[in-house]
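Here is a short briefing on how some helices of this chain pack. Keep the structure in view while reading.

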Amino acid sequence: FSWMLGAWHIPAVNCFVELLANLPYTPDVFKLRAWYFRYAPFQALDESMLSNYLEAHRKGLISEQEVFRFIFEDNSKSWGWRWLPHNSLLRRPEFRKDPLLLKAVRRLADTELEERQELPIDVSALIPDLRYLPGTEYFVRILRHFGRERFVRSIGWRDTGKYALLSEMLKMVRPLPGENGETLKTLLGETSIEPERLVDAAMFNPAFLEIVGEYLYEPGLASAGWYFHAHINESFDEEKSAAVARYTPIPASDFNDGAFDRNWFKSALSGVSEQRFKQLYEAAKYISSSNRHRRSRIFSDAAQGKLTEEAVEKKLATTRDKEMLMAYGLLPGRNFRHRYETIQRFAKESKQFGSQRQASEKLAVAVAMGNQDIRTSTVFNGQWKTTNSRSLPPISLRRPFPVKSRLFCVRMNSVT
């Protein structure tokens with residue numbers, strides 16, 4: 001009978017699965033579903049079995065251990081040329097909310113933290129499948145296990161190395177509602193974790209920027225840290241987009257293209273000490289596994305005047321560095337005409353390349369034009385100001401003037 005429900009008889013399997021899904025929930029139905037999931041070669045009940053086991057536990061039909069057995073044993077499979085175990089069930093959103101599932105997550109994490117030495121243990125291969133660890137307690141515990149070792153930025157596929165998994169776990173931790181700087185202070189106790197280490201860890205996992213800032217009595221730390229996280233060449237998930245939206249009205253997609261928020265940068269720079277900002281600048285390497293944090297550093301250097309026009313123009317001429325192009329307008333000074341001509345020359349030279357590179361450089365040119373406007377971040381206004389100063393003759397600002405048989409009148413607000 002088990003063979004008849006296999007992949008060779010898919011129509012029969014589908015009918016049987018549909019029958020199981022529509023039967024009224026009873027102890028016998030649960031046992032039948034559990035039997036099918038465990039022994040049938042064609043497992044079509046994967047999506048519904050988690051809720052099936054949770055409902056059975058709530059009704060007192062099975063023990064907590066039976067649920068854990070289903071999660072960790074029945075759903076852990078081995079595949080790939082290295083026969084590596086994986087458990088896609090642990091990625092489900094229910095593992096962020098259900099109390100019993102959170103208990104399973106804690107048990108898995110606690111086993112890895114408490115029992116592992118250097119070599120992997122049985123649960124180590126399942127850690128990469130986790131997506132969430134609850135509470136600042138894990139933030140502190142993981143840092144204690146790190147000691148003075150560096151965080152692992154680039155983690156290989158199914159890497160079960162000790163510090164690679166600790167880095168994975170550190171990224172998963174999220175504070176619980178109500179946790180703050182006092183919570184972190186209590187958990188740190190007599191530990192030897194230094195403030196600089198906490199700041200690096202918060203840049204590695206920005207969910208803790210605010211809590212670490214409260215603990216260090218540096219309320220501007222979160223804003224300065226999120227500045228570096230926002231100004232990178234990388235798309236945002238919903239969680240990151242919501243965090244960035246607290247500090248700027250610029251959409252996340254614009255930051256991905258290369259937009260720069262001057263007001264936010266000025267606030268971030270003045271909100272922390274020079275030494276702390278320098279540490280955040282260095283810790284920006286933890287934002288990405290690649291070199292995508294480079295943009296936030298270049299923008300910071302340009303806005304502070306640490307780059308010169310000559311140095312940037314040399315980069316544009318030799319390497320056609322798009323990050324430098326977008327930072328070009330952030331340099332101090334009001335030499336708009338020269339910068340406009342340099343950017344337009346870059347755009348003209350782009351025509352010698354393929355269509356894909358042309359499209360990429362065209363976007364960089366548009367962003368560079370927008371970034372050079374002191375008063376606004378919109379591309380249109382940047383192009384209008386520079387074009388106007390270069391092409392149009394002197395005009396009276398109070399009387400209409402003709403342009404191709406049309407009358408225009410320019411109205412200007414006071415500019416400080």
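Contact here means heavy atoms within 4.5 Å. The model is predicted. The chain has 21 helices and six strands. The points below cover the whole chain, then the packing of α5, α6 and α7, then one residue of α7, then α11 and its partner α15.

**Whole chain**
- The chain holds 416 residues, and 44% of them count as buried.
- Contacts with a sequence separation of 6 or more were sorted by distance along the chain; residues 24 or more positions apart account for 62% of them.
- The exposed area is about 23200 Å². Carbon and sulfur atoms supply 52% of that area.

**α6 against α7**
- The axes of α6 and α7 come within 10 Å and cross at roughly 160°.
- Angles over 145 degrees count as roughly antiparallel, and that makes α6 roughly antiparallel to α7.
- The crossing of these two helices is left-handed.
- On the α6 side, the contact residues are Phe139, Ile142, Leu143, His145 and Phe146.
- On the α7 side, they are Tyr163, Leu166, Ser167, Met169 and Leu170.
- By class, this contact has eight nonpolar residues, two polar ones and no charged ones.

**α5 against α6**
- Helix α5 spans residues 99-115, and helix α6 spans residues 136-146.
- Their axes lie 11 Å apart, at an angle of about 20°.
- Angles under 35 degrees count as roughly parallel, so α5 and α6 are roughly parallel to each other.
- α5 and α6 also cross in a left-handed sense.
- From α5, the residues in contact are Arg106, Ala109, Asp110, Leu113 and Glu114.
- From α6, Tyr138, Arg141, Ile142 and His145 meet them.
- By class, the contact of α5 with α6 has four nonpolar, one polar and four charged residues.
- Ile142 and His145 of α6 meet α5, and Ile142 and His145 are also among the α6 residues that meet α7.

**Glu168 in α7**
- Glu168 sits in helix α7, which covers residues 162-172.
- Is Glu168 buried or partly exposed? Its relative accessible area is 22%, and buried means under 20%, so Glu168 counts as partly exposed.
- Leaving aside neighbours within four places in sequence, Glu168 is in contact with Pro128 and Ile155.
- Glu168 and Phe151 are 17 residues apart in sequence. Their C-alpha atoms are 9.4 Å apart in space.

**α11 and α15**
- How many of the ten residues of helix α11 (residues 221-230) are buried? Ten of the ten are, so α11 is largely enclosed by the rest of the structure.
- The buried residues of α11 include Trp226, Tyr227, Phe228 and His229. Ser223 and Gly225 are also among them.
- α11 packs with helix α15 (residues 274-283) at an angle of about 30°. The two axes are 10 Å apart.
- The crossing of α11 and α15 is right-handed.
- Leu221, Ala224, Gly225 and Phe228 are the α11 residues in this contact.
- Their partners in α15 are Arg276, Phe277, Leu280 and Tyr281.
- By class, the contact of α11 with α15 has six nonpolar residues, one polar residue and one charged residue.
- An α-helix has 3.6 residues a turn, so residues three or four places apart point the same way.

How values were computed. Residues are numbered from 1 along each chain as its sequence is written. This is a predicted model: local features need pLDDT of at least 70, side-chain atom pairs count only at pLDDT 80 or more; totals for chains, interfaces and linings use all residues. Side-chain values use heavy atoms; hydrogens and water are left out. Axes are lines fitted to C-alpha atoms, for helices over the stretch in contact, and angles run from 0 to 180 degrees between N-to-C directions. Helices (H or I, at least four residues) and strands (E, at least two) are DSSP runs, numbered from the N terminus. Angles under 35 degrees count as roughly parallel, over 145 as roughly antiparallel, 65 to 115 as roughly perpendicular and the rest as oblique. A crossing is left-handed if the near helix is turned anticlockwise from the far one by less than a right angle, and right-handed if clockwise. Ala, Val, Leu, Ile, Met, Phe, Trp, Tyr, Cys and Pro count as nonpolar, Asp, Glu, Lys and Arg as charged, and the others, Gly among them, as polar. Buried means under 20% relative accessible area, exposed over 50%, partly exposed in between (1.4 Å probe, protein chains only). Accessible areas come from the Shrake-Rupley method with a 1.4 Å probe; for residues, only the protein chains shown count as cover.
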